Amino acid sequence: MRNRFSVLTLILCSAIIGAVGCERLSRPNISGVWKGTIQASAAGGKERWQGPAELTLNQNGDALNGTLVFTHPQAGRVQVPITSGIVSKGAVTFSGQSQFPMGGSIEVAFHGTVSGTALTGTTDMTSRGLFGTVTNSGPLTLTKQ
């Protein structure tokens, strides 16, 4: 009876460890530096722009944080701290907000996928400043460095 209990305990522990290991294997580690381009436009494709982008991510389990830096044609170099993000299997989402020195702010939200060294998806940006609120959306395409 005692041996049977030990065997059952061993099988149960192996199943739990296997399940946790499988979840860990299905979630990619995307920590590191990613570089590429960001594009955006207002509704209807107006005010379209494109610039270089660099994303630095830190992953802890499925949680992400880091920094997105990109060049905007009017605002110049913009740095947005990523304060909340999640990675699960191939899906990635993150968001952040930054205040501008002369007033105003920008909020960024990303929804996309990761496959190997490619991170692609859509970025939604809302800028608030002296001239009102501007919403832009477009692709963010990055390669892990």
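Contact means heavy atoms within 4.5 Å. The model is predicted. The exercises below work through it by element, core, ring pair, pocket and chain end.

**Exercise 1. Histidine 72**

Task: Find the strand that holds histidine 72, then list its contacts beyond four places in sequence.

Solution.
- Step 1: Place the residue. Histidine 72 sits in strand β3.
- Step 2: Classify its exposure. The relative accessibility is 15%. Buried means under 20%, so histidine 72 counts as buried.
- Step 3: Set aside neighbours within four places in sequence. Histidine 72 then contacts Trp49 and Val78.

**Exercise 2. The fold in outline**

Task: State how many helices and strands the protein chain has, and give their order.

Solution.
- Step 1: Count the elements. There are one helix and eight strands.
- Step 2: Read from the N terminus. The order is α-β-β-β-β-β-β-β-β.
- Step 3: Add the burial total. Of the 145 residues in the protein chain, 30% are buried.
- Step 4: Check the contact range. Take contacts with a separation of 6 or more; 36% of them join residues 24 or more positions apart.

**Exercise 3. The nonpolar core**

Task: Identify the residues with the most contacts inside the largest nonpolar core, and the elements that supply two or more of its residues.

Solution.
- Step 1: Size the core. It has 25 residues.
- Step 2: Pick out those with the most contacts inside it. They are Ile30, Trp34, Leu55, Phe70, Val92, Leu119 and Met125.
- Step 3: Assign the elements. Those giving two or more residues are β1 (32–40), β2 (49–60), β3 (63–72), β4 (76–88), β5 (91–99), β6 (105–115), β7 (118–129) and β8 (132–144).
- Step 4: Follow one member. Without residues up to four places away in sequence, methionine 125 touches ten listed partners, including Trp49, Phe70, Ile106 and Val134.

**Exercise 4. Aromatic pairs**

Task: Decide how the rings of tryptophan 49 and phenylalanine 70 are arranged, then treat phenylalanine 94 and phenylalanine 110.

Solution.
- Step 1: Count. There are two aromatic pairs.
- Step 2: Take tryptophan 49 and phenylalanine 70. Their ring centres are 6.0 Å apart and the planes meet at 20°, so this pair is stacked.
- Step 3: Locate the partners. Tryptophan 49 is in strand β2 and phenylalanine 70 in strand β3, 21 residues apart.
- Step 4: Check burial. Tryptophan 49 is buried at 7% relative accessible area, and phenylalanine 70 is buried at 1%.
- Step 5: Take phenylalanine 94 and phenylalanine 110. This pair is stacked too, at 4.9 Å centre to centre and 20° between planes.
- Step 6: Locate these partners. Phenylalanine 94 lies in strand β5 and phenylalanine 110 in strand β6, 16 residues apart.
- Step 7: Check burial again. Phenylalanine 94 is buried at 3%, and phenylalanine 110 is buried at 0%.

**Exercise 5. The largest pocket**

Task: Describe the volume of the largest pocket and its lining.

Solution.
- Step 1: Give the volume. It is about 660 Å³.
- Step 2: Find the centre. Among the 24 lining residues, the closest to it are His72, Gln74, Ala75, Phe100 and Ser127.
- Step 3: Name the elements. β4, β7 and β8 each give two or more residues to the lining.
- Step 4: Sort the lining by character. It has 11 nonpolar, nine polar and four charged residues.

**Exercise 6. Lysine 144**

Task: Place lysine 144 and trace its contacts.

Solution.
- Step 1: Locate the residue. Lysine 144 is in strand β8.
- Step 2: Classify its exposure. Lysine 144 is partly exposed, at 26% relative accessible area.
- Step 3: Look across the chain. Its C-alpha atom is 9.0 Å from that of glycine 36, 108 residues apart along the chain.
- Step 4: Leave aside neighbours within four places in sequence. Lysine 144 then contacts Asn29, Ile30, Ser31, Gly32, Val33, Trp34 and Thr117.

Terms used
Residues are numbered from 1 along each chain as its sequence is written. This is a predicted model: local features need pLDDT of at least 70, side-chain atom pairs count only at pLDDT 80 or more; totals for chains, interfaces and linings use all residues. Side-chain values use heavy atoms; hydrogens and water are left out. A nonpolar core is a set of buried Ala, Val, Leu, Ile, Met, Phe, Trp, Tyr and Cys residues joined through side-chain atoms within 4.5 Å. Buried means under 20% relative accessible area, exposed over 50%, partly exposed in between (1.4 Å probe, protein chains only). Helices (H or I, at least four residues) and strands (E, at least two) are DSSP runs, numbered from the N terminus. Rings of Phe, Tyr and Trp (its six-membered ring) pair if their centres lie within 6.5 Å; planes under 30 degrees apart count as stacked, over 60 as edge-to-face and the rest as tilted. On a 1 Å grid over the protein atoms alone, a cavity is a set of points where a 1.4 Å probe fits but cannot get out, and a pocket is an open set with protein on both sides within 12 Å along at least five of seven lines; lining residues have an atom within 4 Å of a point. Grid points are joined across faces, edges and corners, and a volume is the space filled by probe spheres set on the points. Ala, Val, Leu, Ile, Met, Phe, Trp, Tyr, Cys and Pro count as nonpolar, Asp, Glu, Lys and Arg as charged, and the others, Gly among them, as polar.
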